[in-house]
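This report describes the internal spaces of a protein, together with selected strands and one glycine. The structure is shown first, and the description follows.

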Amino acid sequence: MAGIVSLLAGGAAIAAAPGRQPALSPDEALQAFRLEPGLRIEIVAAEPLVVDPVAFAFDEERRLFVVENRGYPGAVKADQTKADAPATAEGRIALLEDRDGDGRYERRTEFAGGLTYPNGILPWRGGVFVTCAPEILYLKDNDGDGIADERRVVLTGFSTARTTQIRVSHPLLGLDGKVYVTSGLNGGKVTSPLHPERPEVSFSPADGRFDPETLAFEVIGGRAQFGHSFDAYGRRFLCSNRHPIVHAVLEPGQLKRNPHLAFAETMQNVSRVEAEAVVWPISGASVTADFIPALMSKPHTGTFTSACGVWVLGGQGLGADHAGNVFICEPAQNLVQRQVLRPDGATFRAEPATAGREFLASTDPWFRPVFLGDGPDGALYVADMYRREIDHPQYVPEESRGKLDFLSGKDRGRLYRVRRDGPRPAARAMTRTPAEWVRDLDGPDAWWRERAQRLLVERRDRSVVGALEQVAEAGRWPEGRVRAAWTLAGLGELPATLVRKLARDAVPAVREQAVVLAARTGWSGSTAAEVFLEAAGDSDPRVRFGAALALGSWSDARAVDALAGIAARPEADRWTRVAVLSGIDGRLDAFQESWERRQALAAGEAGAAMAEEWGRVLGAGATLDQCRRYLGRALAGEATAAWPLPAVLGLAAGLQGRAELRAQAGGSALGKLAAGGAAELAAGLERLLEHARTVAIDERADLPRRTRAVALLGQADFARGVAGLGPLLAAREAPELQLQVVRAIDRAGDPKGAEMLVQAQRWSGYTPAVREAVMAALTSKPAMTKVLLAAIDRGDVKAPEVSSVRRTQLLKHANTEVRTAAAKVFQSLEGGDRMAVYRSYREVLDKPANSALGEGAFTRTCSACHTFKGVGGKVGPDLSGVRNQPADALLLHILVPNYEVVPAYQAVTVTTQDGRSVSGWLTAETEGSVTLRTAAGTDETVLRQVVTSLTASGVSLMPDGLEQAMTKEELSGLIAYLKSGAAGQ
């Protein structure tokens, strides 16, 4: 071999050529990189040795298995309502070898072919698991010729209904010995042909895991698109297009323990997202959707639009300061970003390592990094698919697809290595025996630790149990101590004494894993008591969070007091509070007793939030007598204290679904509860409501307390609650307070409240976000809706201000009066061929545009739902990345919003047993509850036990008929404004 071709950081770069730059050779592509100082990038393999790489894995012999998705993007469906287009079978698995040891692979064997769209690979027992929806395959070479002669379908039923890059992928081996896979934002009905006796696992979009030995599959928390990674302590991080780093915080099964807990989330955004997820490209390349060059303006610095391949670096090959950092591919803009991960309560926060400059970026617009991984040398390896266009053509308007080149680059592909500058370290000798593998566990690089654990678990050699215990107890590296303990667990040889020692380790992450291990083993005796109870008082918030989850499944009576202690800490965040509340079903009385003793310790906003959330659980799940006792205690306390008001607010919210209270005539659920007790209970409630009215209008009170006061008034009868809150809708009040007033009026459901909302002078003063919230309230109940329609009829509210989704809802309303009135006021807006409207308006693209007019149109018509230049709502997609969209595409999606509806933004309507309707898009769901993002930008969680119907409209939340809300000049200006770029560019 001629040796390694490489580029030092800061080396000369090839300037991006104007127009459509041709492909570069591998050596030329190296010169186009800009890399962090002190690092080096090298070619590991390139075409023709490797083509279209989308994933890779080193086996225990350092051979490199590469997944080649040569068929991508595949055929495009002309009609989304019909069956999938026929799949190609061009996908392959290449086996690469570096026989001369110079670091560049020179030998290729085609390990497997005839695959459709393979996208992930994991070594196991001498073979590999390969994700290739609808299947997960196991391939193995049994005769040593480098070609797989064993091919089994181990799992099948993963959905292929969506495009070829959104499918099950990324098999990774977890600390627990399970294989974790991403969903690709898809669901499935999964079975194993090798175990026909098992029932199928049917699920909506969610990630999963399976046992590599038994092949039992289960659904887990998180919904990754294309990429996930574990850190050294088993925490899993995901990504999707606009969300670079997401932490999978807990599992759906943990939430399922308490059916009265109205919480459905399992993930936390760790990085900045959407408009705030900034990248700094140097390619001058347009984002994928910029498909008509003549209409493109100057490229923007960008935000993440195609985040994938998220990876927590586990090696030391880039330096100790890079280990544990998170790396994210952004193929649409030809770069890889590095972010630094820091603890933040029960979860984490991350920020780019260097603002204004990427870890790795290229001036070559063909550079398409899609996958990252550790290597045996501790370096970071990068898979570059190297395509002219990387996104799927299905997401480009049909009439423009032919103008883009989706095939160029199908004969190319590169793999790179990034490491510290300087001479390449000598390759480490391969270890061959179980004793050597145990020593590998206690080392600095994750690749060797993971290899050692896998081989030890595969071989199940118990002769090394003693050595494993030694590493787990006294190993130099905390990451190694944890992995040695999990290896013992995988062998069924984890001693309780060792877990107790790990629970007192100096490193918090080791103590955290000791709690997880103790919980997984199901210990219930002295070991569980020692580990869980000590962890409940730990100084580290993640250790306490893990303890809360473990204590929730521990039946010992001491668990309750420990849970209350965790909840009472002033630094308890929402994830910790959820962990506590998820584990108290069936022992509410005991928790209440413990909580009463500790509640005074729960200071500040965290204490108020816990009081509210605990009250909500009690209201939903306790007996009415228990609820009255809780209410009595709250009313007996000082009204000015921090906890009584939020406690009663939570209780009132939880009571909303109680059938026994709904059956009683008249009044609010909270009022009915009080009326069923002693006379002083009703009197005390009246005093608290009076106090709430005082707090609500007191401009000196802090905002969280004022908003809770308003929320509590919304739980009372209209006259006693929100009737006097109209002044708080004034523009001078904080938006949060205005929105809470709107929600309170909505909750009360009285037509008099609707009249407050549509009062002409007040209506004209609403900001877009408040106006959207008002509209949502006015369309939630027939009595409120009639007031809205009357206001439209007399001209106080304009008909185009009602969105298409709401208009459709009202035009098809079950109430005859609403339906008739809606038909009258919306007559001029409904009907017509939307594509005909689009074609008739294309002439505006040929006229001079005034972006200032467009800014006004955006603020008035679009900003309630969409963010642009850092301003606006978060109901619909962030528009900060559309600057390079061609004008005709923008026009198309403005005028024909249902041309292509992203499922995440389809309208869903939930109706509850008390007649309330909530509309929005589904952001999270569990077996116990669903969460909708409403048009007001707020999240509404509804317990399934009170849902009477859940309907997906199949249409976009974005209204059609927007051309009637603005002039042609404003429409032209709106397009020019959207093409003017994001803030700071």
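The lining of the largest cavity comprises six nonpolar, six polar and one charged residues. In this predicted model, that cavity has a volume of about 70 Å³. Its lining consists of 13 residues, and F158, V168, T182, S183 and F203 are those nearest the centre.

The structure contains four cavities of 30 Å³ or more. The second largest cavity has a volume of about 50 Å³. Its lining is formed by G345, A346, P541, R544, I566, R569, E571, A572, D573 and T576. By class, four of these residues are nonpolar, two are polar and four are charged.

An open space, the second largest pocket, has a volume of about 1,800 Å³. A total of 49 residues line the second largest pocket, and E612, R616, D939, E940 and T941 lie nearest its centre. The composition of this lining is 16 nonpolar, 15 polar and 18 charged residues. Several elements supply at least two lining residues each: the helices α12 (574–582), α14 (604–621), α16 (644–655), α20 (703–713) and α21 (735–748), and the strands β34 (929–934) and β35 (939–943). The largest share, seven residues, comes from α14.

The three spaces are set side by side below.

| Space | Volume | Nonpolar | Polar | Charged |
|---|---|---|---|---|
| Largest cavity | about 70 Å³ | six residues | six residues | one residue |
| Second largest cavity | about 50 Å³ | four residues | two residues | four residues |
| Second largest pocket | about 1,800 Å³ | 16 residues | 15 residues | 18 residues |

Two strands illustrate burial within the fold. Strand β12 (residues 169–173) is largely enclosed by the rest of the structure, because four of its five residues are buried. β12 runs antiparallel to strand β13 (residues 179–182), to which three bridges join it. Within this pairing, L173 of β12 stands opposite V179 in β13. The hairpin formed by β12 and β13 has five residues between the strands, and G177 adopts a positive phi near 80° there.

Strand β3 (residues 39–46) has eight of its eight residues buried, and therefore this strand is largely enclosed by the rest of the structure. β3 pairs with β29 in the antiparallel sense over seven bridges. At one position in this pairing, L39 stands opposite R420 in β29.

The loop between β28 (380–384) and β29 (414–420) contains G409. Is G409 buried or exposed? With a relative accessible area of 4%, G409 is buried, because this value falls under the 20% cut-off. Leaving aside residues up to four places away in sequence, G409 touches D52, W366, M385, Y386 and R387. The C-alpha atom of G409 is also separated by 6.1 Å from that of R388, a residue 21 positions apart along the chain.

Turning to the protein as a whole, the model has 31 helices and 36 strands. Of its 985 residues, 57% count as buried. The protein exposes about 36,600 Å², and carbon and sulfur atoms supply 52% of this area. Among contacts between residues at least 6 apart in sequence, 65% join residues at least 24 apart.

Methods. Residues are numbered from 1 along each chain as its sequence is written. This is a predicted model: local features need pLDDT of at least 70, side-chain atom pairs count only at pLDDT 80 or more; totals for chains, interfaces and linings use all residues. Side-chain values use heavy atoms; hydrogens and water are left out. On a 1 Å grid over the protein atoms alone, a cavity is a set of points where a 1.4 Å probe fits but cannot get out, and a pocket is an open set with protein on both sides within 12 Å along at least five of seven lines; lining residues have an atom within 4 Å of a point. Grid points are joined across faces, edges and corners, and a volume is the space filled by probe spheres set on the points. Ala, Val, Leu, Ile, Met, Phe, Trp, Tyr, Cys and Pro count as nonpolar, Asp, Glu, Lys and Arg as charged, and the others, Gly among them, as polar. Buried means under 20% relative accessible area, exposed over 50%, partly exposed in between (1.4 Å probe, protein chains only). Contact means heavy atoms within 4.5 Å. Accessible areas come from the Shrake-Rupley method with a 1.4 Å probe; for residues, only the protein chains shown count as cover. Two strands pair if DSSP finds at least two bridges between them.
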